[in-house]
Amino acid sequence: MAVTSTSTTSSFHSNPKSFFLYSLISPPKLLHRQFHGSVGRRRHPTSTGVLSVRAYMENPNSLSGFANKVIGSLPVVGLIARILSDEGGVGSDIIDFAEFRRRVGKKCTIMDSKAFYDFQERRGKPGEPLFVLLCCWLAAVGAGLLKSEEILEGVARLRISDDIEFEEETFLAMMNEAREKREKLKVAVPKIPMEVRVEKALDAIYVCSFGRDPIEEDDEKLLVIMLSSVFPTVGQSEIQRIVKEKAVRIAEGKDIAIVPEPQPLSKEAILAQMKDLQFLRENSET
């Protein structure tokens, strides 16, 4: 794990917030894709990128929410607003994962950042910050567009495949497709309360990071801190209640059924990973 290496650990302890932010914006495993493209993968259309975590927290009935819808519907003005707005949330754009984790990293305190890495030390590879944040992103942005079983199947697959880019692309395509279908049918995306989004995020984190293991007391504390950093409007006391009830249900064997059985990787995922391996081999030989 990155946090256990000497150089990484020293960097983290010297400035944990900066290290956490850098690792979320530029995860080492994906650096070659940032410089060399997507290694032959099909790219799906994403949002314009100037969007924040607060976008999914905004009350759509508020004055600012109404103004954002109006601004987002105007081509030129909407474009300028997307470029200049630091908080984002303009129109009906879907926040992509890269921007989501960047905004979370910017708003995290040192203690928040430390909780993410302490959680990785406890849970290993499936508990790394990017995995946890992907689970939160799916619940925060995908709730109402993605079915719960689709989210859980995806994060269960991630636990095995370790291919976060493939899952991000797959989910983003599913969200865009679901939104387009609703627009054609003139059906609004259902309003999902933030507390329910926290529960969905916790379910996803459990499937991805715990498998079928119990949630111990130390895990509960870290989960509360991490979820509170992503969903600040819910309140820590409410998140503590959600996490505690989840841990009790797991201990009683009531929530084990939500964990999907491991499924073999799709042919597309296998081919994509083979292309990545070939790319790495070719560049290591040069």
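A residue counts as buried when its relative accessible area is under 20%, as exposed when that area is over 50%, and as partly exposed in between. With that in hand, let us walk through this structure, which is a predicted model.

Start with the overall picture. The protein holds 14 helices and zero strands, so its pattern along the sequence is simply one α after another, α-α-α-α-α-α-α-α-α-α-α-α-α-α. Of its 286 residues, 45% count as buried. The accessible surface comes to about 14,700 Å², and carbon and sulfur atoms supply 58% of that area. Among contacts with a separation of 6 or more, 77% are between residues 24 or more positions apart.

A good first stop is helix α8, which covers residues 129-142. It has 14 residues, and 14 of those 14 are buried. From its first C-alpha to its last, α8 reaches 19 Å, close to the 20 Å expected at 1.5 Å a residue. Following α8 comes Gly144, whose phi is positive, near 100°.

One residue of α8 leads us onward. Trp137 in α8 meets Phe97 in helix α6, so this pair ties together parts that are 40 residues apart in sequence. The two rings form a tilted aromatic pair, with 5.5 Å from centre to centre and 45° between the planes. Are these two residues buried or exposed? Both Phe97 and Trp137 are buried. Phe97 has another neighbour to look at: the charged end of Arg101 sits over its ring, 5.0 Å from the centre.

Stay with α6 a little longer, since it also holds a salt bridge. Glu99 pairs with Arg102, and their closest N and O atoms are 2.9 Å apart. Why can these two be partners within a single helix? They are three residues apart in α6, which runs over residues 97-107, and so they are separated by about one helical turn. In general, an α-helix has 3.6 residues a turn, so residues three or four places apart point the same way. The two partners differ in their cover: Glu99 is buried because its relative accessibility is 8%, while Arg102, at 25%, is partly exposed.

Next, let us follow a salt bridge between two helices. Asp219 and Arg122 bring their closest N and O atoms to 2.6 Å from each other. Asp219 belongs to helix α12 (residues 217-230) and Arg122 to helix α7 (residues 110-123), so the bridge ties together parts that are 97 residues apart in sequence. Asp219 has 0% relative accessibility and therefore counts as buried; Arg122, with a relative accessible area of 34%, is partly exposed.

Another salt bridge links two loops. Lys125 and Asp162 have their closest N and O atoms 3.7 Å apart. Lys125 sits in the loop between α7 and α8, and Asp162 in the loop between α9 (148-161) and α10 (164-185), so this pair ties together parts that are 37 residues apart in sequence. Lys125 is partly exposed, at 38% relative accessibility, and Asp162 is partly exposed too, at 24%. Returning to Arg122, salt bridges with shared partners join this residue, Glu216, Asp218 and Asp219 into one network. A search of the whole structure finds 16 salt bridges.

Our last helix is α11, residues 194-210. Its 17 residues should span 24 Å at 1.5 Å a residue, and the end C-alpha atoms are 23 Å apart, which agrees. Like α8, this helix is mostly covered: twelve of the 17 residues of α11 are buried. Among them are Met194, Arg197, Val198, Tyr206 and Phe210. What do the buried residues of α11 pack against? They pack against α7, α8, α9, α12 and α13, the last of these covering residues 236-251. Two of these buried residues, Tyr206 and Phe210, come together with Phe119 in one aromatic cluster. The count of aromatic pairs in the structure comes to three. Just after α11, Gly211 takes a positive phi of about 70°.

Definitions and conventions
Residues are numbered from 1 along each chain as its sequence is written. This is a predicted model: local features need pLDDT of at least 70, side-chain atom pairs count only at pLDDT 80 or more; totals for chains, interfaces and linings use all residues. Side-chain values use heavy atoms; hydrogens and water are left out. A salt bridge is a side-chain nitrogen of Lys or Arg within 4 Å of a carboxyl oxygen of Asp or Glu. Helices (H or I, at least four residues) and strands (E, at least two) are DSSP runs, numbered from the N terminus. Buried means under 20% relative accessible area, exposed over 50%, partly exposed in between (1.4 Å probe, protein chains only). The expected span of a helix is 1.5 Å times one less than its number of residues. Contact means heavy atoms within 4.5 Å. Accessible areas come from the Shrake-Rupley method with a 1.4 Å probe; for residues, only the protein chains shown count as cover. Rings of Phe, Tyr and Trp (its six-membered ring) pair if their centres lie within 6.5 Å; planes under 30 degrees apart count as stacked, over 60 as edge-to-face and the rest as tilted. A charge sits over a ring if NZ of Lys or CZ of Arg is within 6 Å of the ring centre and within 35 degrees of the ring normal.
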